[in-house]
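Visitor: I'd love to zoom in on one part of this protein and see what it sits against. Please pick a spot and walk me through it slowly.

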Amino acid sequence: MEAAAARGKNGDWLYCLELLESTGIVVVPGSGFGQAEGSLHFRWAGIPERQPAGRPAGRRTLLGGGATTFLPPEEDIMGVVEKLGAFHANFLKKYGGLPPAPANGL
């Protein structure tokens with residue numbers, strides 16, 4: 001993806017950065033973990049938007065000024081999935097879709 005290459009980065013890095021800036025959802029670029037050439041993915045580290053009642057202070061959200069959790073509480077997952085889906089559609093619209101699949105099909 002040209003926008004990422006212009007910054008000397010992989011496309012999944014750009015995706016993760018823009019996802020964070022747009023939604024507050026934190027994911028890690030898969031390219032840092034030795035993914036197959038030409039494939040794009042991320043590793044999950046979601047952040048819920050709010051501090052659910054009764055949650056210990058050490059598990060506050062990034063938006064609340066504390067530490068993040070690796071996954072949002074179960075009751076927040078659908079909201080995170082909806083945000084991710086909307087972001088993904090906008091990202092594809094902005095940058096023009098997915099790269100061709102690698103020749104080996106992986």
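Guide: What follows begins with the whole protein and then turns to helix α3.

Before we start, keep in mind that this is a predicted model, so local features need pLDDT of at least 70 and side-chain atom pairs count only at pLDDT 80 or more, while totals for chains, interfaces and linings use all residues. Residues are numbered from 1 along each chain as its sequence is written, and side-chain values use heavy atoms, with hydrogens and water left out.

OK, the big picture. The protein has three helices and two strands (DSSP runs numbered from the N terminus: H or I for helices, at least four residues, and E for strands, at least two). If you follow the chain from the N terminus, the order is α-α-β-β-α. The protein has 106 residues, and 29% of them count as buried (under 20% relative accessible area; exposed is over 50%, and partly exposed is in between, with a 1.4 Å probe and protein chains only). Now take the contacts (heavy atoms within 4.5 Å) with a sequence separation of 6 or more: 44% of them are between residues 24 or more positions apart.

Now for our spot. Helix α3 covers residues 77-95, and Met-78 is part of it. The label for Met-78 is exposed, because its relative accessible area is 54%. Go along to Ala-86, also a residue of helix α3, and you get a partly exposed one, since its relative accessibility is 42%. The C-alpha atoms of Ala-86 and Thr-23 are 9.7 Å apart in space, although 63 residues separate the two in sequence. His-88 belongs to helix α3 as well. With a relative accessible area of 30%, His-88 is partly exposed too. Check out where Leu-19 is: 69 residues from His-88 in sequence, but 8.3 Å from it in space, C-alpha to C-alpha.

Next, look at the rings. Rings of Phe, Tyr and Trp (its six-membered ring) pair if their centres lie within 6.5 Å; planes under 30 degrees apart are stacked, over 60 edge-to-face, and the rest tilted. By this rule there are five aromatic pairs. One of them is Tyr-15 with Phe-87, an edge-to-face pair with 5.1 Å from centre to centre and 80° between the planes. This pair ties together distant parts of the chain: Tyr-15 comes from helix α2 and Phe-87 from helix α3, 72 residues apart. And both of these residues, Tyr-15 and Phe-87, are buried. Another pair is Phe-91 with Tyr-95, whose ring centres are 4.7 Å apart with planes at 50°, so this one is tilted. Phe-91 and Tyr-95 are about one helical turn apart, because four residues separate them in helix α3. The two partners get different labels: Phe-91 is buried, at 6% relative accessibility, whereas Tyr-95 is partly exposed, at 25%. Put the ring pairs together and you have a cluster of Tyr-15, Phe-42, Phe-87, Phe-91 and Tyr-95.

Let's finish with Glu-18, on the other helix. Glu-18 is in helix α2, which runs over residues 11-23. Leave out residues up to four places away in sequence, and Glu-18 touches Phe-87, Phe-91, Lys-94 and Tyr-95. You've already met three of those names in the ring cluster: Phe-87, Phe-91 and Tyr-95. The remaining name, Lys-94, brings us to charge. Side chains of opposite charge can pair when their charged atoms come close. The structure holds one salt bridge (a side-chain nitrogen of Lys or Arg within 4 Å of a carboxyl oxygen of Asp or Glu). Lys-94 makes this salt bridge with Glu-18, and the closest N and O atoms are 3.4 Å apart. Again distant parts of the chain are linked: Lys-94 sits in helix α3 and Glu-18 in helix α2, with their positions 76 residues apart. Lys-94 counts as exposed because its relative accessibility is 57%, while Glu-18 counts as buried because its value is 13%.

So when you turn the model around, try finding two links between helix α2 and helix α3: the ring pair of Tyr-15 and Phe-87, and the salt bridge of Glu-18 and Lys-94.
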